[in-house]
Amino acid sequence: MNTLPPWGPAWAGAALGTGGFATLSRLHGWDWLANALLLLAAALIVRIAAGWWRHRVPPLERAAAPAWALLGMAITTVGSAQTAVTHQWWLHGLLVVLGAAICLGANAAYWPVLRGEPTFLSLFPVMCPVVPAVGLAQWAEAGMPGAAGARALGWLLCALAVCGAVPAFVLVYRRMLPWGPPAPLAATCWIPLGIVGQSVVAVVTLGGPRAYGWAVLALGLPLALWAAWRHWGSLPGWAPYNPTWWASTFPVATCGTGAYALSGGQGWWAALSLGLLFLLAAHWCVAAVRAASWRFKSL
C-alpha cells in the first residue's frame with residue numbers, strides 16, 4: 001500500500017489548487033461553484049493546520065520549505081478569494097500577511113538546498129512570494145489604508161519571485177529535460193507555470209505594463225506543452241497517488257487568471273482563460289478522483 005505523509009503542509013497543494021479553481025471560476029461567472037470550492041479550500045487549510053499540530057510533519061527545517069511554501073500560498077489564495085464573497089478586508093489583510101510571512105521564510109531558507117538537488121518541487125519556495133504580491137495588489141487597487149505601501153511591497157515580492165525564478169528554472173530544467181520526473185511525480189511538470197500566470201496577475205493588478213503579460217504567457221506556451229506531454233502521458237498508467245498530483249491544478253489556474261487579467265473579460269485572451277478553466281476542472285477532478293480511489297482502497 002502506498003505510504004503517504006499525514007495531514008499537514010505536504011497536502012497544501014490540494015487547498016492551493018482548490019482556491020485557485022475558486023478564483024478562476026468566479027471570474028467566469030460560476031459563482032455557485034466558486035463558493036463551494038472556496039469553502040472546501042478553507043476547510044482543507046483548517047484540516048492541514050490541525051494535522052500539523054498533531055503530527056508535526058514536516059518539521060520546521062530547510063528541506064521542508066517546499067511544503068511550507070505551499071501552505072503560505074494556500075493561505076494567501078484563500079484570503080484573496082474570500083474577499084469577493086465576504087467583503088471582509090481585515091480578513092484579506094490578515095491572511096495575506098500570514099501567508100507572506102510563511103512564503104518569505106520558505107524563500108529565504110531554501111536557496112542552499114535548491115543548489116544541491118533541484119526538482120520542480122524546489123520551485124515552490126522560489127516563486128511563492130508572487131502569490132502574496134497579488135493579495136497586496138488587490139489591497140492597493142481597492143484603495144484600502146496603506147495602499148501605497150502595499151503596492152510597493154507587492155512590487156518587491158513580485159520582483160523577488162521573478163528574479164529568483166530565472167536561475168532556478170535553469171537549474172531545474174537542466175536536470176529534468178527531456179523526460180522529466182518519474183510517473184508518480186509527473187504532475188509537477190506544471191509547477192513552473194505557476195509563476196508565469198501569477199506574475200502576470202500581479203504585474204497587471206499593480207498597474208504594470210500589459211506587454212509583460214503577453215511576453216510571459218507566450219514564453220509559457222512551450223513549458224505548458226511539455227508539461228501536458230509528460231503529465232497526460234503518465235495518467236493511463238494510474239501511477240501511485242501522492243500529494244504532488246495536485247501540482248497540476250494551481251499553475252493552470254494562475255495562467256487562466258493571468259489571461260483573464262489581460263483580456264478585460266473579452267476577446268481571445270478571455271477565450272483562452274475559459275479554455276484553461278475547463279482544463280483546470282479536468283485536472284482537479286483527476287486529482288480528486290485519484291485521492292478518493294486511494295482513500296477507499298486504503299480503508
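**Notes on an all-helix model**

1. Starting with the surface: the chain exposes about 12,900 Å² of accessible area, and 72% of that belongs to carbon and sulfur atoms. Keep in mind that this is a predicted model.

2. On the fold, I count 11 helices and zero strands. The radius of gyration is 18 Å, close to the 19 Å from the globule rule for 299 residues, so the chain is as compact as a globular protein of that length. Its C-alpha trace spans about 50 × 40 × 40 Å along the principal axes.

3. Inside, 54% of the 299 residues count as buried. Taking contacts between residues at least 6 apart in sequence, 79% join residues at least 24 apart.

4. Charges: there are 14 positive side chains against 4 negative ones. The centres of the two sets sit 8 Å apart.

5. Now the aromatics, with 17 pairs in the count. Take Phe169 and Tyr173: ring centres 6.0 Å apart and planes at 70 degrees, so this pair is edge-to-face. Both belong to helix 7 (residues 147-176), and being four residues apart they are separated by about one helical turn. Phe169 is buried at 16% relative accessible area, and Tyr173 is buried too, at 11%.

6. Tyr241 and Trp294 make a tilted pair, 6.4 Å centre to centre with 35 degrees between the planes. This one links distant parts of the chain, 53 residues apart: Tyr241 is in the loop between helix 9 (210-234) and helix 10 (250-263), while Trp294 is in helix 11 (residues 267-298). Both residues are buried. They also belong to one aromatic cluster with Trp7, Trp11, Trp238 and Trp245.

How values were computed:
Residues numbered from 1 in each chain as written. Predicted model: local features only at pLDDT ≥ 70, side-chain atom pairs only at ≥ 80, totals over all residues. Heavy atoms only, no water. Helix = DSSP H or I, 4+ residues; strand = E, 2+ residues; numbered from the N terminus. Rg over C-alpha atoms; globule rule 2.2 N^0.38 Å. Buried < 20%, exposed > 50% of the residue type's maximum accessible area, 1.4 Å probe, protein only. Contact = heavy atoms within 4.5 Å. Areas by Shrake-Rupley, 256 points an atom, 1.4 Å probe, with all protein chains shown as cover. Lys, Arg positive; Asp, Glu negative; His and termini not counted. Charge placed at Lys NZ, Arg CZ, Asp CG, Glu CD. Phe/Tyr/Trp six-rings, centres within 6.5 Å; stacked < 30°, edge-to-face > 60°.
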